[in-house]
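The exercises below concern side-chain contacts and backbone geometry in a single structure. Each task is followed by a solution in steps.

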Amino acid sequence: MTRTPHRSLPVLLFALVWLSVAWFGCWAWNPNTAVRMFAAAAIVEEHQPTIDRFAHLTIDRAQFGGNFYMDKAPGMTLMALPAVAIADVLEDASSVGMAMDVSDPALDRYMRLRVWLAAAMINATLLAFASAAMFDIGRRTSGATSAGLFAALGFALGTPLWGWSTTLFGHAPVASLLVIAIWLVMRGTLRGRATPGRYPSLAGLTLGWALVIEHSALLFALPIGLWALWRMRTLRPAVARRAIVEAVIGGVLAAVPLLGYNLFAFGDPFRLGYQGVVGFDGMKQGLFGLTRPSSAALVEILVGARRGMLWVAPILVIAPFGLARLWRRGERSLVALAVSGAVIAFLYNASYVYWDGGNSTGPRHAMPAIAFLALGFAPLWAAATPIARVPLAALLAASMTINCTIAAAEITAPQHIPNALVDAVWLGRFVPGYLRTIPSEWFGYTAWQGLGMYLGLAALLLAALVIAARQARLPNI
């Protein structure tokens, strides 16, 4: 009898993705990451939201009155609080009393450890959960376990979500939460299900928390909400109303920490850190820098050498073909969700005054588009012949290789480098061996040894995944 190791597949997948993120570090002094850590340190160690003693170390900051604050949505900082507290206990140290100088070895170690621990606890875990969710979505929409695995690997490790998950930027966790929300809606509205159960409240909570991480997530949550309403059209009216109420309650509960932080920091639950941004006059244009889409910026975001998505995630080129296949299979509402979500993400990025994202490998503000485009991976793999799967597998391998170099070397490529991938990542850091791995950062190994250790462990997990996928037999759904 053929075994059906479906339970082992998500576990192995989770382990591979989590390891892949947690193994690598990032430049802890990037202003976007650093200011979030400064705010977390101030809350844990001084029980206050102001970052006055850190303010000269970052250009990303807000000012109200005579005090400086984090200028970001508070979600990442709130989730990083346990990491700061744990590291403080383990090291029996805090930033209070340290020299506030980036050249100070003690402060540098302080930042590197806490940023790495926060990324491993938060982003690595969320991306791993999202990859398992994408696996389940893919196998349900295609009818093939191998297709679900192809989609999960393409989503998590074939795109810069891998590299961005090593930082405290909010783009990767938002993309992860979007996939998890799509999966929750799908599971809660399966054909023949009499009641959605706990899924509506969890979906509302998931999308609500995405808004706490990045306020722009509201734009990407809207099509998921509309899709959920469409999927619930066959439910009894009373059941549908209850599901809507539960989803709203979940979203409201997620917003409570946001309102609480704003009240704690600014004395007003509805005041945002973005309202006090200093040094970026473009944020005063439109709605916090959002104006109208620029066609030139859109071209650069898609294919430009400096920020183009296809340079850093070539696997996305097959997404339209997979979505077309999904459309022919009758999953038209899911295709509408994928297209609308991706379009919104790209137009949002092209509408932002600072569309290039400053120091960035790929268009970081468009990363949520990956959550929607990856829905097309599984159907294309399932429809392909064994011969046609060879170039698809090669494309996945190439995308994973590219993003392994990005995660290991540099996710925040300098702003004005002509080709971020070639000039900044490969020639600037990877080839010279300027890599950030756990063994080389903390245990005295060389960067190449650290990378080799990861590749060995990842190869074992990947081989186990492929074997389990080949043995699996998916029942009719």
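The expected span of a helix is 1.5 Å times one less than its number of residues. The structure to which this is applied is a predicted model.

**Exercise 1. Helix α11**

Task: Compare the span of helix α11 with its expected value, then locate its bend and describe its packing.

Solution.

Step 1. Helix α11 covers residues 237–266, a run of 30 residues. The expected span is 44 Å, and the distance from the first C-alpha to the last is 42 Å, close to that expectation.

Step 2. The axis of α11 bends by about 25° at alanine 255. Within four residues after that position there is a proline, proline 257.

Step 3. Buried positions of α11 include Val239, Ala243, Gly250, Ala254, Leu258, Tyr261 and Phe266. The buried residues of the helix pack against the helices α2 (31–46), α3 and α9 (199–213), and against the strands β1 (62–64) and β2 (67–69).

Step 4. Glycine 267 follows α11 and has a positive phi, near 75°.

**Exercise 2. Aromatic pairs**

Task: Classify the pairs Trp164–Phe169 and Tyr352–Tyr354 by geometry, and state the burial of each partner.

Solution.

Step 1. The structure contains 17 aromatic pairs. In the pair of tryptophan 164 and phenylalanine 169, the ring centres are 4.8 Å apart and the planes meet at 55°. Planes under 30 degrees apart would count as stacked and planes over 60 as edge-to-face, so the remaining class, tilted, applies to this pair.

Step 2. Tryptophan 164 has a relative accessible area of 0% and is buried. Phenylalanine 169 is buried as well, at 2%.

Step 3. Tyrosine 352 and tyrosine 354 have a centre distance of 6.0 Å and an angle of 80° between their planes. The angle is over 60 degrees, and the pair is therefore edge-to-face.

Step 4. Tyrosine 352 is buried at 14% relative accessible area, whereas tyrosine 354 is partly exposed at 27%. The two tyrosines fall into separate classes because the limit for burial is 20%.

Step 5. Ring pairs also join Trp23, Phe24, Trp162 and Tyr454 into a cluster.

**Exercise 3. Charges over rings**

Task: Which rings have the charged end of arginine 112 or arginine 198 over them?

Solution.

Step 1. For arginine 112, the ring is that of tryptophan 442, with the charged end 4.7 Å from the ring centre.

Step 2. For arginine 198, the ring belongs to tyrosine 199, and the distance to the ring centre is 5.0 Å.

**Exercise 4. Salt bridges**

Task: Describe the salt bridges Lys72–Asp71, Glu91–Arg109 and Asp136–Arg187, giving distance and setting.

Solution.

Step 1. A search of the whole structure yields 16 salt bridges. One of them joins lysine 72 and aspartate 71, with an N to O distance of 3.7 Å. Both of these residues are buried.

Step 2. Glutamate 91 and arginine 109 have their closest N and O atoms 2.9 Å apart. This pair connects distant parts of the chain, with glutamate 91 in helix α3 (residues 75–91) and arginine 109 in helix α4 (residues 105–121), a separation of 18 residues.

Step 3. Glutamate 91 is partly exposed at 24% relative accessible area. Arginine 109 is partly exposed too, at 40%.

Step 4. Glu91 and Arg109 also belong to a salt-bridge network that includes Asp88 and Arg114.

Step 5. In the bridge between aspartate 136 and arginine 187, the closest N and O atoms are 3.8 Å apart. Aspartate 136 lies in helix α5 (residues 123–142) and arginine 187 in helix α8 (residues 171–188), 51 residues apart. Aspartate 136 is buried, at 8% relative accessibility.

**Exercise 5. Positive phi outside glycine**

Task: State where histidine 47 and aspartate 92 lie, and whether each is buried or exposed.

Solution.

Step 1. Most residues other than glycine have a negative phi. Histidine 47, by contrast, has a positive phi near 60°, and aspartate 92 has one of about 50°.

Step 2. Histidine 47 is placed in the loop between α2 and β1. Aspartate 92 is found in the loop between α3 and α4.

Step 3. Exposure requires a relative accessible area over 50%. Histidine 47 reaches 62% and is exposed; aspartate 92 is exposed at 71%.

Key
Residues are numbered from 1 along each chain as its sequence is written. This is a predicted model: local features need pLDDT of at least 70, side-chain atom pairs count only at pLDDT 80 or more; totals for chains, interfaces and linings use all residues. Side-chain values use heavy atoms; hydrogens and water are left out. Rings of Phe, Tyr and Trp (its six-membered ring) pair if their centres lie within 6.5 Å; planes under 30 degrees apart count as stacked, over 60 as edge-to-face and the rest as tilted. Buried means under 20% relative accessible area, exposed over 50%, partly exposed in between (1.4 Å probe, protein chains only). A charge sits over a ring if NZ of Lys or CZ of Arg is within 6 Å of the ring centre and within 35 degrees of the ring normal. A salt bridge is a side-chain nitrogen of Lys or Arg within 4 Å of a carboxyl oxygen of Asp or Glu. Helices (H or I, at least four residues) and strands (E, at least two) are DSSP runs, numbered from the N terminus. The bend at a residue is the angle between axes fitted to the seven residues ending there and the seven starting there. Contact means heavy atoms within 4.5 Å.
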